[in-house]
Amino acid sequence: CDLNWQAISARVALFVFNKQFAKDCEQAAFVVDDTLRKRRGKKVQGASYHFDHNEKHSVFSQQFVQLGLSAAGGFLPLLQHLYISSSKPVLMDCSAKIDKRHSYYKHFQRAQKEDKHTLMAWMLRKALSLGFRAKYLLADSWYASKENLALALELGLTGIFQLKRNRTKYRFQGKDYTLNQLYVLVKRKMKRSGKGRYRTYALTVELSLPVKGKENRWTSLKLVFSSDVKNHHENWVVFVCTDTQMSAQEVLLAYSKHGL
């Protein structure tokens, strides 16, 4: 714990980025996801209970939010941050004398107090300040919040997220709709491109996004609906993109080619 391992790994990643990835950064993407590492033992600091979607129940583990860069040269891990849930956490041993200015202490406190969205924003800003560059910001539906869409716009990135079918209202032609309601409007308009197995349709909507220090602002976004040709009634998904000039095919290609 006397070494700032996060800074060391970030510097190594920056060296590799400048050697192998910098030339392709115009089509590169920042990719955010989280992973679980199961732990045993009641004294494993930073461990807590997290829901494992593969096992369908909570497991005692350490969870890490990870930021990587995907480009033509491959995938490059950039930063990762521990996240500690409120479910039976094993916290730092306060009996040991630890300098509060130390990176280990700051990392542990941030992992305990911040949520995963805040950790994601911190890592993105850190990566950009170190000199990493990319065009896109990609993540799954768990990170598709209004705050993260606003973050992508603030940082000058094209954010593409898969969306959950929740109660969020999107404004289309002066009326507010949920994703399920919008799908009812567009499902008959969806068309297959060539001989592919998916039908798609894109439309531009507005969503009220938070602006730092100001009131929420209605922002234009592109929604891309995609469904399987054979089972399109239930097997459909939606993606949101902050760049309304991109076509449905461009949005889906950008999302899929980086491994999501």
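1. Is Thr118 buried, partly exposed or exposed? Thr118 counts as partly exposed, because its relative accessibility is 35%. Buried would need a value under 20%, and exposed a value over 50%. The residue sits in helix 3, which covers residues 116-130. Asn148 is 30 residues away from Thr118 along the chain, yet their C-alpha atoms are separated by 9.2 Å. Please read this and every point below with one caveat: the model is predicted.

2. Strand 1 has two partners worth tracing. Strand 1 (residues 29-38) runs antiparallel to strand 3 (residues 57-71), and ten bridges join the two. One point to look at is Thr35, whose bridge partner in strand 3 is Phe64. Strand 1 also pairs with strand 5 (residues 136-139), this time in the parallel sense, over four bridges. Here Ala29 has Tyr136 of strand 5 as its bridge partner.

3. Next, Arg37, a residue of strand 1. How accessible is Arg37? Its relative accessibility is 32%, so Arg37 counts as partly exposed. Beyond its neighbours within four places in sequence, Arg37 is in contact with Ser61, Gln62, Phe64, Gln66 and Gln80. Phe64 is thus a contact of Arg37 and the bridge partner of Thr35. From Arg37 to Val59 the C-alpha to C-alpha distance is 9.4 Å, with their positions 22 residues apart in sequence.

4. Two backbone angles deserve a look. Lys56 is not a glycine, but its phi is positive, about 65 degrees. Lys56 is in the loop between strand 2 (48-52) and strand 3. It is exposed, because its relative accessibility is 62%. Gln173 is another residue other than glycine with a positive phi, near 55 degrees. Its place is the loop between strand 7 (170-172) and strand 8 (175-177). Gln173 counts as exposed because its relative accessible area is 70%.

5. Gln6 is a polar case to check by eye. It lies in helix 1. Is Gln6 buried or exposed? Gln6 is buried, because its relative accessible area is 17% and the cut-off for buried is under 20%. With neighbours within four places in sequence left aside, its contacts are Leu79, Gln80, His81, His107 and Trp122. Gln80 appears again here: it is in contact with Gln6 and with Arg37.

6. On to the aromatic rings. The count comes to eight aromatic pairs. One of them is Phe17 with Phe132, an edge-to-face pair with 5.4 Å centre to centre and 65 degrees between the planes. Why does this pair tie together parts that are 115 residues apart in sequence? Phe17 lies in helix 1 (residues 5-21), whereas Phe132 lies in the loop between helix 3 and strand 5, so the pair links these two parts. Both Phe17 and Phe132 are buried. Elsewhere, ring pairs link Tyr183, Phe225 and Trp236 into a cluster.

7. Two arginines sit over tryptophan rings. The charged end of Arg110 is over the ring of Trp122, 4.2 Å from the ring centre. Trp122 is also in contact with Gln6. The charged end of Arg165 is over the ring of Trp236, 3.8 Å from its centre. Trp236 belongs to the ring cluster with Tyr183 and Phe225.

8. Helix 5 (residues 179-186) has four residues to inspect. Leu179, Leu182, Tyr183 and Val186 are buried. They share one side of helix 5, because they cover an arc of only 105 degrees around the axis. What do the buried residues of helix 5 pack against? They pack against strand 7, strand 8, strand 10 (198-211), strand 11 (214-228) and strand 12 (236-241).

9. Last, the nonpolar cores. Nonpolar side chains tend to be buried together in soluble globular proteins. In this model, the largest nonpolar core has 55 residues. Which of its members touch the most other members? They are Phe30, Leu78, Phe132, Leu223 and Phe225. Helix 3 supplies the largest share of this core, eight residues. Another core, of twelve residues, lies apart from it, and includes Ala29, Tyr136, Leu138 and Met246. Ala29 and Tyr136 are also bridge partners, as noted in point 2. Phe132 likewise returns from point 6, as a ring partner of Phe17.

Technical notes
Residues numbered from 1 in each chain as written. Predicted model: local features only at pLDDT ≥ 70, side-chain atom pairs only at ≥ 80, totals over all residues. Heavy atoms only, no water. Buried < 20%, exposed > 50% of the residue type's maximum accessible area, 1.4 Å probe, protein only. Pairing = 2+ DSSP bridges. Phe/Tyr/Trp six-rings, centres within 6.5 Å; stacked < 30°, edge-to-face > 60°. Lys NZ or Arg CZ within 6 Å of the ring centre and 35° of its normal. Arc of directions from axis to C-beta. Contact = heavy atoms within 4.5 Å. Core = buried A, V, L, I, M, F, W, Y, C linked by side-chain atoms within 4.5 Å.
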